[in-house]
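These are my notes from a session with a two-chain model. I wanted to see how the smaller questions about one helix fit with those about the interface.

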Amino acid sequence: MSVVTVHTNIEVNYMIAVEELGLHVKTEEKLKNNGFLYAEDVADHLVKHGIMDFIRKTKMQKIAVYKQIKPKLVLFGVWNVPTVEEKEAEIGMKIISTDDAAKMLMVGPKTVIELVEDGTIARDHYFICGEEVTAYQKTQKYVFIEEKVLDLAKKYNSSLRAIAKKLNVDESSISLVLKRDLTDEEMKVARLSAYQWNEAWIVENYKEIEMRANQRLRSSVTTYDEMISELIELIEEYFDFRMKNKEIIFDGVVYINVSYSKDARVDEYRRILYRSFYKVKCARVGIDGFFERNGKQKRLRSLSKEEQEKVQEYQLDIRTLKAEDISAIVSNIEGNGKTNYFLPLKGLLYYVLMKEEQKYLENLEISLNDDSVVFDANKEWAKIKAMKGRFDYSLNHGDMPKQRGKTTPENRKDKIFATRKQIVRCNYIISCNAIPKKKSTSKGLRSPIKYATQMLIGFLAGVRPVEMHQMLIEKHLDIEKNPENPNYGYLKKYKFVSVGTESIFKETNRDDLEGWGRLFISEEISKGGYSPSPSYGTLLVPRLVDQINDYLKWLYAKNPESKGRGYLFRVNDRNPDLAYSRPAQLFDWLPRARFAFDFLKEEQIKDFTYYETRHTVNNLIVNRTMVEDPQVNERKQRAAEMHCRHSMEDSGSKINIGHYQEELPLYFYHSVINTALNFPFDAEELLAWEKKNNPVGVAMEAAYKGEEEILDGLETISLNAESTSFTEEQKVRIAEIEKALEELNNEISILRTPHKAQKLRNLTGRERTKALAEINQQIKLYEQNKHKIIRGDAS
Amino acid sequence: MIGYDEFLVKCQNRGFDPFSYLMPEMAFKEIDDEGDYLVGDVAFYASKSERTARRWFDTGFLKAVGRRPWTCKGIDLKRALFKEFYDPIMSQFDKSYKNVY
């Protein structure tokens, strides 16, 4: 019989019994009665649950614990964990409870515990009760070092509002950005609680954090650089060539004879070419459905890894382009967007042909000089010709139209030439935000002063969008540049002093209601570089100068440190260095607002764009003003060209007549603009002004279009009782009213002087003023009636 | 501080009704621009005491046309009232101005 011995590892934990401690009898009894048989239990309880709990349980006294039990436990090596006081002596720094720490951090105690468990409060700032330090209460978990907590409080010492003010950003936007774009770890560095933020760190890194959103959004529009890496060199070469040289010649024929101007949108073309070759590659490799439908649009979908590798490995040679490739390019585009792809592609393909031709000629020369080289000239040339034929066929028959559909008379857009009255009405609608709200939650226009300024600059100064989106305050406006001047940052005003046909500028106050201003549109920002302002600047009418100054005041209030510099129209009004990225973006608000323009007909509303303002200005100056001085009247057209900065080199312009190539003298320019654009904005005054300065135009237009409102104002409001245009009835009534008015005027002159009123009418003090007011009202009523009768209304 | 005349021009340019901002309304509506007003009338329209009105004449706050008794024209009285009640008027004006702009 074999004996199987089983060895088990039994660790004999030698637990020290309570009796061995050598305590007083009664303490031993108490301990045993409460379940403490071993010294380790006692020590555990004391360390983890705290002394107070122990005392409550065993009903012993504190002194007993500290002076009897504890030294024995320490002697026997069971109590290893120091108390709070001992720890303090060890570190040399004061230790505080969670409640005190919470008060220092201005946070609730529960959040302090959450922060510890998150990791926001570093490990060396606290001690865990029960493991490193003895607890005092059962519920105590952590205990903190005072110095470090104070450092924390100093670090997270400000609120979001203060930080937003310092960075000059909206409060709501800063919280949005931080919550959205910070990683979890960075959030711990930046934020302690809702009201405690780390100012220094945020101020340092805020710009980076803002850029993250832009990167995220822009990364959705990829250019597929990696997928077509073999073609990038060729495409960049092509763009360089186009920027410098004008012509692409092949076989003696000039196919393209324009170079890219500085306004050309090379980035767009680059994007077009990259994407089109990516699509070609996808189609050739055999990837099905490389686009997917997203509502109405067809978008390029992201490929799986295998598919990506396939596409990257395949090397595309542009010389093998076929008609099917073109249809693949156009497969996910609908409508007029296809026409954008034609010209860049054509340019590139012909550039490739040109290069092939050069290679052919070089090889030909080498072969002629060197007999050993075999070169079949006819065959090589035929190859190139076949390539060209293939390119032409695919471009013309590959479902890629060259041009958009022609404008038929039905869908042709009519230019809108506004009258002065319509300008005033437009300005009123925008600046008073009198746009009816379509939904209950929409708020109308966001910043009406900005939009009203834009429209007025268009109506009265004729600035193009291309120029407007790059206008800098310090460079292109004639502002006061001396910082000590109280008008620093606002447009200067001038008056004109003329001697004969010469006039010069003379500066006036900012408060002068008739001061003019100036704009300087330099060559760099002007369209095509050929239409800068004249040497004395584009003149601005007083009404426009006041409007621009009000706008500048509003703008400077948003960011006072940037007074006197920055872009005039900004994406974010607080940041002076952020211009709009495209000129069309300046007028994104117009389609939303133009349905409220009640001075236009319905068909005109759809077509109303910002450019109508330029048509208006030109038309107003040339066709709708009549200057009394005939010398000045002749030069109206030239003044209009100078004001709107038309180009003299435009082919098709019939302006090549007479004395136009020189700059007009300031006197003529000023007098034309004064009579054309310096009109009042009050309805009645405007009518009177128009009758004086534009009588023929007004009458003709009114008769032609049958507009009765304008015809109304043309009738004279003279008090000639002998005029034959009044009927007998009217004359009688007018005579009655005039009689009554005479009496009233006499009466009022008595009441106006106090001593007469007292003598003759016995009226003093409050009675006199009451009577004065009543008589004034009566006079007003009578005069209104008189005007009505004269105009022929039924009274 | 802008003047009464400038304020009217501003209102006209923006298309606002000046009477919706001017206070006291009754004063601005009733006062005749070319009438003569005495100390008692000034005190009534401005809701101040006669002592204050006399002080206004004395210091030049109100432009006087004659003494014995102190008289002023209506338009000058309107200008002085505008100066006196400048803060409530312009704070209302600026608020609506800001809402619009």
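**Chain B against chain A**

I began with the contacts between the chains: 20 residues of chain B touch 23 residues of chain A. I note here that the model is predicted. I then looked up the area buried between chain B and chain A, which is about 1900 Å². Carbon and sulfur atoms give 49% of that buried area.

Next I went through the polar side of the interface. I found 7 residue pairs in polar contact between chain B and chain A, counting pairs with both residues at pLDDT 80 or more. The salt-bridge rule gives 4 hits across the interface of chain B and chain A. One pair I looked up is A:Arg768 with B:Asp41, a salt bridge whose closest N and O atoms lie 3.0 Å apart.

I then asked which elements of chain B supply at least two residues each to the side that touches chain A. They are helix 1 (4-14), helix 2, strand 1, helix 3 and helix 6 (86-100) of chain B. Helix 1 of chain B gives the most, with 4 residues. I sorted the side of chain B that touches chain A by class and got 10 nonpolar, 4 polar and 6 charged residues.

**Helix 3 of chain B**

I turned to helix 3 of chain B, residues 39-46, and asked how many of its 8 residues are buried. The count is 6, and I logged the helix as mostly covered. The buried residues are B:Val39, B:Asp41, B:Val42, B:Ala43, B:Tyr45 and B:Ala46. B:Asp41, on this list, is also the partner of A:Arg768 in the salt bridge noted above.

What do the buried residues of helix 3 of chain B pack against? From chain A, I found helix 35 (765-791). From chain B itself, I found helix 2 (25-30), strand 1 (36-37), helix 4 (50-59), strand 2 (72-73) and helix 5 (74-84). Just after helix 3 of chain B, I noted a positive phi of about 50 degrees at B:Ser47.

**Chain B as a whole**

I closed with totals for chain B. Its secondary structure comes to 6 helices and 2 strands, in the order α-α-β-α-α-β-α-α from the N terminus. Of its 101 residues, 46% count as buried. Chain B exposes about 5400 Å², with 49% of that supplied by carbon and sulfur atoms. Among the contacts in chain B with a separation of 6 or more, 54% join residues 24 or more positions apart.

Notes:
Residues numbered from 1 in each chain as written. Chains lettered and ligands numbered in written order. Predicted model: local features only at pLDDT ≥ 70, side-chain atom pairs only at ≥ 80, totals over all residues. Heavy atoms only, no water. Buried < 20%, exposed > 50% of the residue type's maximum accessible area, 1.4 Å probe, protein only. Contact = heavy atoms within 4.5 Å. Areas by Shrake-Rupley, 256 points an atom, 1.4 Å probe, with all protein chains shown as cover. Buried area = accessible area lost by both parts, 1.4 Å probe. Salt bridge = Lys/Arg side-chain N within 4 Å of Asp/Glu carboxyl O. Polar contact = N/O pair within 3.5 Å; in protein donor to acceptor, adjacent residues only side chain to side chain. Nonpolar A, V, L, I, M, F, W, Y, C, P; charged D, E, K, R; others polar.
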